[in-house]
Amino acid sequence: MFEADPNLWLQMINLPGFDALMRFMSWMGNTWFYMPAILLLVFGVRLRAGMGVLLALILVAFATDCIKQGFGLPRPSEVDARVLDKGREGRHLVADGAAESFWSLPRREAIETVRASGRHEYGFVSGHTSAAVALALGLVFFFRARKAWIWGLAILWPLLMGISRMYLGRHFLADVLGGLVVGVAGVLLAVALMRCLAQPWPRARLVWGAAFAGACAAGLAAWRLPWIDPAIAGEVAGTLLCIGVLTRLGWPQENTGLARRTLRVVCALALGYGVTWAFGAAYDAGGWPERHLVAFFFGMGGFATALLGAVAVARWLGLYRPPPALPGQSMEIR
């Protein structure tokens, strides 16, 4: 599965529009697409369901990065001179280092050369593919899609994403298959967690506490385990923190018109990008190196500030409906 033959076969396809489609799919798999897409789901459609999709994406991102750094396996265009890298030649570090058989790994000298290059942008598993699976299946499960065309899109999107990454020489077949597995596993874990947190708070608190403690432990473990990115572990913890706070204090009533939904999304986008820039600037000003342990607290704080801040601002502006008042009680925003 680490052979270059599937990549070479795809790169020989000369159908009209095929190259443009593959490049478009790969382009849609970048961070610029996922952040506004998630904020649109969370603040424009349904908050609880959108947070479930976000949790799935963050869990998948964390697992994908750990696997990449832990295995440290090369990309096709790095270890085979015949494989083009996004249409460009001469991007290889080793001329003939791909696997020699279906079940074998790339050659040892190729793996060692890539690891010694200092790039650390390893191939296994495909992050584009795992994220596509997380988003597609997350939409199906958390938003309870029943129509056949939605299921078809949820299957087709990750497949096209994986094929595009192979066509562009960025991933082997094994990378794509691994991304599919990681994506499905992340969604199933997120679904299980959100279902447990839907129980009454005294019972849900135990599950939430265990999950949050696990995310914090993973972030602290980055001090000794270099294949863990503390920033992504912090984002997992920050997402769980937001879900826990909203579960405990109450999810806002969001059945409002299009105008209020649009304004909620606008507020979330402004706050999200503003907080991301501010926390990034503060981290750079602190002089900490990449993947420093303090990145965990920046990741957690950034996510919690952006998401909970957007909910608080939307409530303050009256963009959510107040919860229904109980008999004998006045109606007030919680």
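# A tour of one surface patch and three salt bridges

Select Leu21, Phe24, Trp27 and Trp32: these residues make up a nonpolar patch on the surface, and together they have about 410 Å² of accessible area. The model on screen is a predicted one.

Next, colour helix 2, which runs over residues 18–27. This helix is the largest contributor to the nonpolar patch, giving three residues. Leu21 is located in helix 2. Is Leu21 buried or exposed? Neither label fits: Leu21 is partly exposed, at a relative accessible area of 36%, because partly exposed covers the range between under 20% for buried and over 50% for exposed.

Now turn to the charged side chains. Side chains of opposite charge can pair when their charged atoms come close. The structure has eight salt bridges, and three of them, Asp19 with Arg23, Asp80 with Arg82 and Arg291 with Asp229, are the next stops.

**Asp19 and Arg23.** Stay on helix 2 and show the side chains of Asp19 and Arg23. They form a salt bridge, and 3.0 Å separates the closest N and O atoms. How far apart are the two residues along the helix? They are four residues apart in helix 2, so about one helical turn lies between them. Asp19 is partly exposed, with 32% relative accessibility, and Arg23 is also partly exposed, with a relative accessible area of 34%.

**Asp80 and Arg82.** Select Asp80 and Arg82, which form a salt bridge with the closest N and O atoms 3.0 Å apart. Which of the labels, buried or exposed, belongs to Asp80? Asp80 is buried, at a relative accessible area of 1%. Arg82 is exposed, with a relative accessible area of 51%.

**Arg291 and Asp229.** Select Arg291 and Asp229 for the last pair of this tour; they form a salt bridge whose closest N and O atoms are 3.6 Å apart. Where do the two residues lie? Arg291 sits in the loop between helix 12 (258–286) and helix 13 (294–316), while Asp229 sits in the loop between helix 10 (201–221) and helix 11 (230–249). The pair therefore ties together parts that are 62 residues apart in sequence. Arg291 is partly exposed, at a relative accessible area of 27%, whereas Asp229 counts as buried, at 13% relative accessibility.

Finally, add Asp65 to the selection: Asp65, Asp229 and Arg291 are joined into one network by salt bridges that share partners.

Key. Residues are numbered from 1 along each chain as its sequence is written. This is a predicted model: local features need pLDDT of at least 70, side-chain atom pairs count only at pLDDT 80 or more; totals for chains, interfaces and linings use all residues. Side-chain values use heavy atoms; hydrogens and water are left out. Patches are made of residues with over 30% relative accessible area and no salt bridge: like charges are joined within 9 Å, nonpolar side chains (Val, Leu, Ile, Met, Phe, Trp, Tyr) within 5 Å. Accessible areas come from the Shrake-Rupley method with a 1.4 Å probe; for residues, only the protein chains shown count as cover. A salt bridge is a side-chain nitrogen of Lys or Arg within 4 Å of a carboxyl oxygen of Asp or Glu. Buried means under 20% relative accessible area, exposed over 50%, partly exposed in between (1.4 Å probe, protein chains only).
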